[in-house]
Amino acid sequence: MYHLIIENGTREGECIQPKGVELTIGRDTGNELRLVDDGVSGRHCVLRITRRGVMVRDCGSTNGVYINGKPISGETRLTSGCLIETGMVAMRFSFLHNVNSQKLRTTAIFWAAAAMVALTFSIQLAGIGLAFWAREHQFTPGETAAILEYFPLPPDLPGAVPPATAKPSAAAPAASAPTLPRF
């Protein structure tokens, strides 16, 4: 969202925060922001929130719309801190994202950290459950080989079983296959 701070005229110092997607500005009573100034047309301009940002469009006013002292033609994208001039009334435009984006960023970081803690906790619980199950279950050498075929251990791990595809060398006699240590 954004706000406008009126810098001069009868409403000087007011901070306007639009409620919807469009904000009509003009002298007539039907406008959301009514500016009583002889240089402001009945329906002077409209500010609209789009995918490209907040845009301002002159609605065919007599005196035009100026952004930072330059007249606009067609829709013009507003940047935070720019000065919008309609007739003799100047309004400072700025986004409210500084506070809201900080709150959003803090909330996102909190939920990401909470998700990491939950994931870590569930992995630890799964590991504890597997350790208790493995402690009570006595694996046969065939079961151990089948498990290690689908879930091989890193070769540098002490007690790791070499892959089943490795053939014993002719020089060394065949030894019985090592099994996982029992708890």
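Buried means under 20% relative accessible area, exposed over 50%, and partly exposed in between (1.4 Å probe, protein chains only).

**View 1. The cysteines of this predicted model stay unpaired.** Cys 59 falls in the partly exposed class, with a relative accessible area of 25%. Cys 15 is partly exposed too, at 47%. How far is the sulfur of Cys 59 from the closest cysteine sulfur? The gap is 6.5 Å, to Cys 45, and that is too far for a bond. A disulfide needs two cysteine sulfur atoms within 2.5 Å, and a search of the whole structure turns up 0 of them.

**View 2. Six strands line up in an open antiparallel sheet.** Read across, the order is β2-β1-β11-β10-β7-β8. At the edges sit β2 (15-16) and β8 (70-71), each pairing on one side only. Zoom in on β7 and β8: these antiparallel strands are joined by 2 bridges. One detail to look for is Ile 67, whose bridge partner in β8 is Lys 70. Strands here are DSSP runs of E, at least two residues long, and helices are runs of H or I, at least four, numbered from the N terminus; two strands pair if DSSP finds at least two bridges between them.

**View 3. A second open sheet mixes its pairing.** Its 5 strands come in the order β4-β3-β5-β6-β9. β4 (33-34) and β9 (75-77) each have a single partner strand, so one side of each has no neighbour in the sheet. Strand β3 (residues 22-26) runs parallel to β4, and 2 bridges hold the pairing. Within it, Ile 25 has Leu 33 of β4 as its bridge partner.

**View 4. One cavity turns up in the whole structure at the 30 Å³ cut-off or more.** Its volume is about 40 Å³. Which residues line the largest cavity? They are Ile 6, Asn 8, Gly 9, Thr 10, Arg 11, Leu 35, Val 36, Asp 37 and Val 89. By class that makes 4 nonpolar, 3 polar and 2 charged residues. A cavity is a set of 1 Å grid points where a 1.4 Å probe fits but cannot get out, and lining residues have an atom within 4 Å of a point.

**View 5. Confidence varies along the chain.** The mean pLDDT (the predictor's confidence in each residue, from 0 to 100) is 79, and 72% of residues reach 70 or more. Helix α1 (residues 97-136) has the lowest confidence, a mean of 70, while strand β7 (residues 65-67) has the highest, 95.

Residues are numbered from 1 along each chain as its sequence is written, and side-chain values use heavy atoms, without hydrogens and water. As this is a predicted model, local features need pLDDT of at least 70 and side-chain atom pairs count only at pLDDT 80 or more, whereas totals for chains, interfaces and linings use all residues.

Notes
1 Å grid on protein atoms, 1.4 Å probe; cavity = no way out; pocket = protein on both sides within 12 Å on 5 of 7 lines; lining within 4 Å. Points joined across faces, edges and corners; volume = space filled by probe spheres on them. Nonpolar A, V, L, I, M, F, W, Y, C, P; charged D, E, K, R; others polar.
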